[in-house]
Amino acid sequence: AVPPGIVASAEVEQSYIMVKPDGVQRGLVGEIISRFEKKGFLLKGLKLFQCSKDLAQEHYKDLKDKPFFPTLIDYITSGPVVCMAWEGDGVVASARKLIGATNPLQAEPGTIRGDLAVQTGRNVVHGSDSPDNGKREIVLWFKEGELCQWESVQTAWLIE
Ligand code: GDP
Ligand code: MG
C-alpha cells in the first residue's frame with residue numbers, strides 16, 4: 001500500500017527513473033532529466049542520493065538469483081544516483097521506450113541507452129517495468145514529504 005502523502009494520487013501512473021552512478025559520474029544527469037522533461041511528463045520528485053546495499057538489494061530483489069547480482073549491487077552503490085518520480089498517463093511504458101533496451105548495443109539510436117552507453121553493466125539509467133513496480137519503487141526510494149504536489153503550466157498545452 002502507498003503511504004498517504006507520498007504520492008499526489010494513487011490513481012495517476014508514476015514511474016521511478018534513476019540515473020545510475022555511471023550516468024552521474026559521466027555528467028549525464030542534465031541530459032537524462034531533459035529527455036523526460038521535454039517529452040512532457042510531470043516531475044514529482046528528484047534527489048541526489050547514495051544508496052545502501054540493503055536498498056539496492058531490495059530494489060533489484062527479482063534478480064537476486066542472477067549471476068551478475070553481486071556486481072549489479074556493487075555498481076548501483078558505487079556512487080550517488082539521481083532518484084526521480086515522473087508522472088503521467090502511460091509514463092511507465094513510454095519511459096521504457098525513451099530509455100531503450102537493457103543492452104545499450106541493442107538499444108535504438110535516439111534512446112538514452114542507444115545514444116549514451118555501450119554495456120549492459122553500465123547502462124546509465126533505470127526505469128520501472130510496470131505501474132505497480134513504479135509505485136513500489138517510488139515508495140522504496142522516497143520518504144514521505146519528498147514528493148511535490150504541483151501542477152505544471154504546460155499541462156493545458158500537452159493534454160487536450
Ligand atoms: P532493465 O529493466 O532494462 O534495467 O533490465 P533488467 O531489469 O533485466 O536488469 C536490471 C539491471 O541489471 C540492468 O539495467 C543492468 O544494469 C543489470 N543487468 C541486467 N543483465 C545483466 C547482465 O547480463 N550483466 C550485467 N553485468 N548486468 C546486467
Ligand atoms: Mg528491470
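**Close-up 1. Trp86 in strand β3 of the predicted model.** Trp86 counts as buried, at 0% relative accessibility, and the model that shows this residue is a predicted one. The residue is found in strand β3, which spans residues 81-87. Its C-alpha atom and that of Ser15 are separated by 5.4 Å, although the two residues are 71 residues apart along the chain.

**Close-up 2. The aromatic cluster of Tyr16, Phe49, Trp141 and Phe142.** These four residues, Tyr16, Phe49, Trp141 and Phe142, form one aromatic cluster, and the count of aromatic pairs comes to four. One of these pairs is formed by Tyr16 and Phe142, whose rings are edge-to-face, with 6.4 Å from centre to centre and 80° between the planes. The pair links distant parts of the chain, since Tyr16 belongs to strand β1 (residues 14-19) whereas Phe142 lies in the loop between α7 (131-141) and α8 (155-158), and the two are 126 residues apart. Both Tyr16 and Phe142 are buried. Phe49, another member of the cluster, has the charged end of Lys47 over its ring, at 4.3 Å from the ring centre.

**Close-up 3. The surroundings of ligand 1.** The residues around ligand 1 are Lys20, Tyr60, Leu63, Phe68, Leu72, Tyr75, Arg96, Thr102, Arg113, Thr120, Gly121 and Asn123. By class, this shell divides into five nonpolar, four polar and three charged residues. Two arginine side chains can be picked out here: an N or O atom in the side chain of Arg96 is 2.8 Å from an oxygen atom of the ligand, and an N or O atom in the side chain of Arg113 is 3.0 Å from an oxygen atom of the ligand. Thr120 takes part through its backbone, where an N or O atom lies 3.4 Å from an oxygen atom of ligand 1. Taken alone, ligand 1 exposes 550 Å², and the protein buries 71% of that area.

**Close-up 4. Glu137 and its side-chain contact with His126.** Glu137 lies in helix α7 and has a relative accessible area of 4%, so this acidic residue counts as buried. Its side chain is joined to that of His126 by a polar contact of 2.9 Å.

**Close-up 5. The backbone at Val124.** Most residues other than glycine have a negative phi. Val124, by contrast, has a positive phi, near 60°. This residue is found in the loop between α6 (112-116) and β4 (125-127), and, because its relative accessibility is 0%, Val124 counts as buried.

**Close-up 6. Ser78 in the loop between α4 and β3.** Ser78 lies in the loop that runs between α4 (69-76) and β3. With a relative accessible area of 53%, Ser78 is exposed, and a polar atom of its side chain lies 2.6 Å from the backbone oxygen of Tyr75. Tyr75 is also one of the residues that surround ligand 1. The C-alpha atoms of Ser78 and Ile17 are separated by 18 Å, the two residues being 61 residues apart along the chain.

**Close-up 7. Ser52 in the loop between β2 and α3.** Ser52 is found in the loop between β2 (42-49) and α3 (53-59), where its relative accessible area of 39% makes it partly exposed. A polar atom of the Ser52 side chain lies 3.1 Å from the backbone nitrogen of Leu55. The C-alpha atom of Ser52 is separated by 9.3 Å from that of Ile73, a residue 21 residues apart from it along the chain.

**Close-up 8. Glu13 in the segment before β1.** Glu13 is found in the segment that comes before β1, and its relative accessible area of 21% places it among the partly exposed residues, because buried means under 20%. The C-alpha atoms of Glu13 and Asp62 are separated by 22 Å, with the two residues 49 residues apart along the chain.

Key. Residues are numbered from 1 along each chain as its sequence is written. Chains are lettered from A and ligands numbered from 1 in the order in which they are written. This is a predicted model: local features need pLDDT of at least 70, side-chain atom pairs count only at pLDDT 80 or more; totals for chains, interfaces and linings use all residues. Side-chain values use heavy atoms; hydrogens and water are left out. A residue is near a molecule or strand if one of its heavy atoms lies within 4 Å of it. A polar contact is a pair of N or O atoms within 3.5 Å; within protein, one must be able to donate a hydrogen and the other to accept it, and residues adjacent in sequence count only if both atoms are side-chain atoms. Accessible areas come from the Shrake-Rupley method with a 1.4 Å probe; for residues, only the protein chains shown count as cover. Ala, Val, Leu, Ile, Met, Phe, Trp, Tyr, Cys and Pro count as nonpolar, Asp, Glu, Lys and Arg as charged, and the others, Gly among them, as polar. Rings of Phe, Tyr and Trp (its six-membered ring) pair if their centres lie within 6.5 Å; planes under 30 degrees apart count as stacked, over 60 as edge-to-face and the rest as tilted. Helices (H or I, at least four residues) and strands (E, at least two) are DSSP runs, numbered from the N terminus. Buried means under 20% relative accessible area, exposed over 50%, partly exposed in between (1.4 Å probe, protein chains only). A charge sits over a ring if NZ of Lys or CZ of Arg is within 6 Å of the ring centre and within 35 degrees of the ring normal.
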